[in-house]
Amino acid sequence: MAIVLGPNRYGKAETRVVRVSRDGDAHRIKDLSVSVSLSGDMDEVHLSGDNSAVLPTDSQKNTVFAFARQHGIGEIEDFALLLARHFVDSQRAVAHARVEIHEYGWDRIAGPHSFVRDGGEVRTALVHSDGTGGAESVVSGLTDLVVLKSTGSEFHGFAEDAYTTLAPTDDRILATAVTARWRYRALGAPWGESYRAARAALLGAFAGTHSLSLQQTLYQMGRRVLGERPEICEVRMAMPNKHHFLVDLKPFGLDNDNEVYFAADRPYGLIEGSVLIDDAPDAPSAWV
Ligand SMILES: O=c1[nH]c(=O)c2[nH]c(=O)[nH]c2[nH]1
C-alpha cells in the first residue's frame with residue numbers, strides 16, 4: 001500500500017479590505033472580504049518541506065491591498081479576475097487560482113461621508129409584565145446597525161503611559177455596529193413610529209457629529225433620540241470601535257493617502273453608555 005498526496009490548495013482567506021475613493025467631496029467606499037486559494041505544482045512543499053514554489057499567503061494578502069490602491073475596485077468580478085490572473089500568470093508553480101469575494105454594501109446616510117451597511121440589522125423588544133394591572137415595562141431597540149464615516153473623526157489628546165503606542169490622528173475612519181436600547185416614560189408609545197424615529201436620530205447624529213471620540217459620538221446619538229422623542233426617557237448603547245488600519249504600501253512603492261484600509265475584526269474597543277432625562281422614572285429591572 002502506498003500513501004500519496006491528494007488534491008490540495010492554499011491561500012489567504014478573508015482579507016478585509018476597505019477602499020475609500022476620495023475623488024471630489026462625496027466619498028465612495030468598497031468593503032470586501034477577499035479569499036484567495038492557489039493550486040498547482042505544490043507537491044514538494046507537502047512531501048519534503050521545500051517552499052520554493054510557495055508564494056506566501058502573506059504576499060497574497062499584500063497583493064489584495066496593493067491592487068486596491070493601484071487599480072481601484074470596480075465590480076468585484078473584475079477585481080477577482082485581476083487577482084486570479086495575476087497569481088497564475090506570475091507564479092510558475094500556480095496553475096489555478098480561486099478568488100472568492102464577498103462585498104458588503106453600504107448606503108449613504110445624510111452627507112457625503114457617512115454610510116450605513118445594508119442588512120443584518122435586528123429590531124429588538126424586551127417586555128416585563130406582572131400581569132394586567134401589575135408592573136410592566138417595555139425596552140425597545142436595535143442591534144447590528146453598522147455605520148461608518150470615512151472622515152470627520154479624530155482621536156488625540158488621550159492619556160499616555162509606558163504602553164501607549166497609538167498615534168494621535170485628526171482624520172480616521174470611524175465605524176461601529178450600534179446596539180441601542182431605549183425605554184419609555186409610560187406604556188402605550190407608538191412603538192413602530194418610535195423605532196423608526198429613534199433609528200433615524202441615531203443615524204443622523206452619527207453622521208452629523210464631527211467625532212473627537214466614539215464616546216462623544218455615543219453621547220450625541222443618545223441626546224438626539226431623547227431630544228426628538230419625548231416618549232423615550234433613557235437610551236443605552238454599546239458600540240464596538242471597528243478599527244480600520246491604514247495599510248503601509250511603501251514596501252510596494254505605493255503611497256496611501258487615506259485610501260486603503262485593513263478592517264480588523266478583533267480586538268475592538270467597546271464603548272458603552274447610557275443617556276437619560278434626569279427625571280426619568282427609576283426602572284432598573286426593565287433592562288434585565
Ligand atoms: O474613539 C475612541 N475612543 C477610545 O477610547 C479609544 N481608544 C483607542 O485606542 N482608540 C479609541 N477611539
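H243 sits in the loop between β9, residues 232-241, and β10, residues 244-246. I should say at once that this is a predicted model, and every value I quote is computed from it. Is H243 buried or exposed? The answer lies between the two: H243 has 18 other C-beta atoms within 10 Å, and because a residue needs 20 or more to be called buried and 12 or fewer to be called exposed, H243 is classed as partly exposed. Setting aside residues up to four places away in sequence, H243 touches A264 and Y268.

I begin with this histidine for a reason found in the record. The UniProt annotation "active site", from an unreviewed entry, covers K12, T57 and H243. These positions are spread over 232 residues of sequence, and they are spread in space as well, with up to 22.5 Å between C-alpha atoms.

Let me turn to T57, another of the annotated positions. T57 belongs to helix α2, which comprises residues 57-71. With 16 C-beta neighbours inside 10 Å, T57 also falls into the partly exposed class, since that count lies between the limits of 12 and 20. Which residues does T57 contact, once its neighbours within four places in sequence are left aside? They are Y10, G11 and K12. K12, then, is both a contact of T57 and a position under the same UniProt annotation.

Next, the ligand. Its surroundings consist of F155, L166, S213, L214, Q215, N241 and G269. Sorted by class, this shell holds three nonpolar residues and four polar ones, and no charged residue.

Finally, the domains. The protein is divided into domain 1, residues 15-104, and domain 2, which is made of residues 108-244 together with 261-287. The centres of domain 1 and domain 2, taken over C-alpha atoms, are separated by 35 Å. Where the domains meet, 10 residues of domain 1 are in contact with 11 residues of domain 2. On the domain 1 side of this contact, β1, residues 15-21, and β2, residues 28-40, each contribute at least two residues. The largest share comes from β1, with four residues. By class, the domain 1 side that touches domain 2 has six nonpolar residues, one polar residue and three charged residues.

To close, I return to the annotated positions: T57 in helix α2 and H243 in the loop between β9 and β10 are each partly exposed.

Key. Residues are numbered from 1 along each chain as its sequence is written. This is a predicted model: local features need pLDDT of at least 70, side-chain atom pairs count only at pLDDT 80 or more; totals for chains, interfaces and linings use all residues. A residue is near a molecule or strand if its C-beta atom, placed from the backbone, lies within 6 Å of it. Ala, Val, Leu, Ile, Met, Phe, Trp, Tyr, Cys and Pro count as nonpolar, Asp, Glu, Lys and Arg as charged, and the others, Gly among them, as polar. Domain bounds come from an automatic or database domain assignment. Two residues are in contact if their C-beta atoms, placed from the backbone, lie within 7 Å. UniProt positions are given in the numbering used here, feature names are shortened, and annotations may be inferred rather than shown by experiment.
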